[in-house]
Each structure stands twice: as structure tokens, then as C-alpha cells.
Amino acid sequence: MQCAIVLACVVIFSLNAVAYAAQVNPAWRQEWEKTLETARKEGQVNVYISGYEAVLTDFEKEYPDIKLVAVTGRGNQLGQRLLSERHAEKYLADVVSAGANPNYQQFYPAKALDPIKPALILSEVTDQTKWYLKRHQYSDPEGQYVFNYVGSATYGAVNYNTKLVDVKEFKSYWDLLNPKWKGKIEARDIREAGPGAGNTRFFYYHPELGSPFIRKLFGGMDLTLFRDFRQGPDWLATGKFAICFFCDVDVLKQQGLPIDTFGPGVFKEGGGLVQQFGTLALVNRAPHPNAAKVFINWLLSRKGQIALQKRTSTGESPADSFRVDILKDDVPYVNRRLEGIKYLDTGKPEWVEMKPILDVVNEALKSPGKN
């Protein structure tokens, strides 16, 4: 009898010890420590990144024993480069942080990506209650390959010259298409990859705007298109145009020029959420797969996302992280998700494909008198 009691006590003690050990050193932590050890042996991570390069210095401070090699550029530039490298049998990239173009529109269909979901290790990253809508967001239909980590608020990315436009005149996006603004509107040509795609998706999929809004904007307002990223804001600042769609004006605004952006509370139809440069992908055949996991988990951690918001707060594309367990003080008011405003997330997998929208744009641009 005593032996049985002793044996039972031993079993209970062993089970408690195992449970305590699992609590102190859970499986995710063991995996993380092993990944980190192997990453340090690899010694390097090659990050192809667009837009959010400023955050890289924070990673280097956190992991000085992992050399970070950054390849930077616009999304279409990174897309061309990486795919050209792969065609030449050069597998150099580990991670890509950029917009849906190139991650979803180029690398995903080219089958150049590994699932990123299994690479998420840290409990603070995998805990979906810490993220917007209590779930991870992906651009791809499988919800495996292209992780969306930014959801910045936008109200069409419509900017105006403060000397020529009185914002109080506007209550709806349709007011932007008032005949009084005909010939006084410019827009970045969204047929080339870059800013404006997410906002055009917002217009297209909004039930109160849709293709009629896009058709009238591009086909009925004597719209002038530009492709030079600096030319459009310059034209707006000098008063050549009164309204600009898809301009990056933050820098010029900070310089005191008479330009501003239509923000929250102006348009009754609400706003959209855009990823900007905030999608993340794990490249397959990566030369440093463990170091890639370390970078991915760091970037998506609280520390990484706080650094992202801080580093981009005064730039042309301020980021509002999809993490909801961090303060948003660094995110400019106009880019911050706000209570009481309805948002359409333009990064939905079924909405990312631009072809149906561009078909409407191209049809509208065939109208007589287009610039």
C-alpha cells in the first residue's frame, strides 16, 4: 500500500515537473532558441524591402550578429530584380517586405514563395487576439503566403491646394467630381505599379461609389495623369491643379507649401485600409532560411511594429500596424484607424487583383479629350 502511495506521488511529481518545465520553456520558445542559434550560424539575412527601409537599423541593433543585407527600391523594381535573379538560377533573397505588388501580384503567381505561416514562432506574433479583428490578414486566398501587417487609414489619398479648395464644400467623394473641378484634377497613373492601387480598389468596391465613380473620374473630368512621383505634388503645390489623386504630399506639406489631404470625417462614405508597403513574404530556396524567420518574427513583434510606426511617422507613407496591442501615438491622425468610421480593407484576397479595375480605367480613358 505504501509503495503504491509512493509511486503515485512520484508520478504526480513527475507530471507537475513536466507541466512546470513546459510552462517555463514552452515549445515555441524552444523552437525560437533553436532557430536563433542556427540563424547566428548562417550569419546573414538578405531583405528585399520597399518603403519601410528606415526600420532596418532597429533590427541591426537587436541582432548585431546577423548581418543584414538590404536591397531597396520601388515594388516594381524589386519584382523585376528578384524574378530576373531566379531566371538566372540565382537565389539570393530571403525575405521581401513590400506592397501587394510585387509580393502578391508577381512573386505569388510565380511560385517564388514559401508559406510564411509556419515561420511565425513568437507567441506574441502567433496570438491572433493581438491583431486587428483578432486575426491575421493575408493577401493570398490560401492565407499562407503574403502576410499583411499594415492597415493604414486612407480617404482616397486625395490631396488639395489649400488656396484653391475649401474643404468645407465636400461631404461626399462624389463632390470631388463636381463640374467646377473639371480640368483642375490630376492623378498618378495607376496603370503603373505604385501608390493609388489600394485607394482605387476602395472606390471600386465601395457600394456607394463603384465603377461609375472611377469611370467619371478618369473619363469625365478632363483628368491629367502623371507618372513622375514628384511632378504631381509639385503641380499641386504651385496651383497648376487644385486636386490630386494619389500624390505623396507629406514632405511638401511639412515644408509649409499650401497643400493638404482630405482626412477623416470629411466624406460620409468612410475610408479604406491600405497596406502600402506592409506585406511580408518568405522567399523559397532562401539562402538563410533561419535568419529569415528571425527577421520575420522580429518585424511582426511588438518591438518591430512600434519601431515601424515611429520610423515612418514623418515620411510619405506613415504606417498604422495591424497590431492592436501597441500605442498609436506615432501614427499621424489622418493615417490612423479611428473608432466610429467605417473602413473597407482593400487588401482582401478577392479584391487585390487590379485587372477588373484597370479595365474600367482604360475604357474611361478612351473618351475623347483625355490628357
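Which residues are buried in helix α9 (residues 231–238)? In this predicted model, Gly 232, Pro 233, Trp 235, Leu 236 and Ala 237 are the buried ones. Their cover is drawn from several elements, including β8 (158–161), β9, β10, β11, α10 (250–254) and β12. Right after α9, the chain passes through Gly 239, which takes a positive phi of about 90°.

Stepping back to the whole chain, the protein holds 13 helices and 15 strands. Its 371 residues are 52% buried, and the C-alpha trace spans about 95 × 50 × 40 Å along its principal axes. Among contacts with a separation of 6 or more, 76% join residues that sit 24 or more positions apart. The accessible surface adds up to about 17100 Å², with carbon and sulfur atoms contributing 53% of that area. As for charge, there are 46 positive and 42 negative side chains, and the centres of these two sets lie 2 Å apart.

Several of the strands that help cover α9 turn up again in an open sheet of five strands, which runs β10-β9-β11-β8-β12 with mixed pairing. At the edges stand β10 and β12 (259–261), each with a single partner strand, so one side of each has no neighbour in the sheet. On average, neighbouring strands here are turned by 25° against each other, direction ignored.

Within this sheet, strand β9 (residues 185–188) is worth a closer look. It is covered on both faces: Ile 185 and Ala 187 are buried on one side, and Glu 186 and Arg 188 are buried on the other. Two charged residue types, Glu and Arg, thus sit on one buried face of this strand. β9 pairs in the parallel sense with β11 (residues 243–245) over three bridges, and with β10 (residues 224–226), again parallel, over three bridges. Ala 187 has Phe 245 as its bridge partner in β11 and stands opposite Leu 225 in β10. For Arg 188, the bridge partner in β10 is Phe 226.

Elsewhere, strand β3 (residues 95–98) is also buried in both directions: Val 95 and Ser 97 point one way, Val 96 and Ala 98 point the other way, and all are buried. β3 pairs with β1 (residues 44–49) in the parallel sense over three bridges, and Val 47 stands opposite Val 95 in β3. With β14, β3 pairs in the antiparallel sense over four bridges. In that pairing, Val 96 stands opposite Ala 281 in β14.

The loop between β14 (279–283) and α11 (289–300) contains His 288. This histidine has a relative accessible area of 12%, so it counts as buried, the cut-off being under 20%. Apart from its neighbours within four places in sequence, His 288 is in contact with Glu 42, Gln 44, Val 45, Asn 46 and Asp 94. Of these contacts, Gln 44, Val 45 and Asn 46 fall within the residue range of β1 (44–49). Lys 310, by comparison, is 22 residues from His 288 in sequence and 28 Å from it in space, C-alpha to C-alpha.

Key: Residues are numbered from 1 along each chain as its sequence is written. This is a predicted model: local features need pLDDT of at least 70, side-chain atom pairs count only at pLDDT 80 or more; totals for chains, interfaces and linings use all residues. Side-chain values use heavy atoms; hydrogens and water are left out. Buried means under 20% relative accessible area, exposed over 50%, partly exposed in between (1.4 Å probe, protein chains only). Two strands pair if DSSP finds at least two bridges between them. Contact means heavy atoms within 4.5 Å. Accessible areas come from the Shrake-Rupley method with a 1.4 Å probe; for residues, only the protein chains shown count as cover. Lys and Arg count as positive and Asp and Glu as negative; His and the chain ends are not counted. The place of a charge is taken as NZ of Lys, CZ of Arg, CG of Asp or CD of Glu. Axes are lines fitted to C-alpha atoms, for helices over the stretch in contact, and angles run from 0 to 180 degrees between N-to-C directions.
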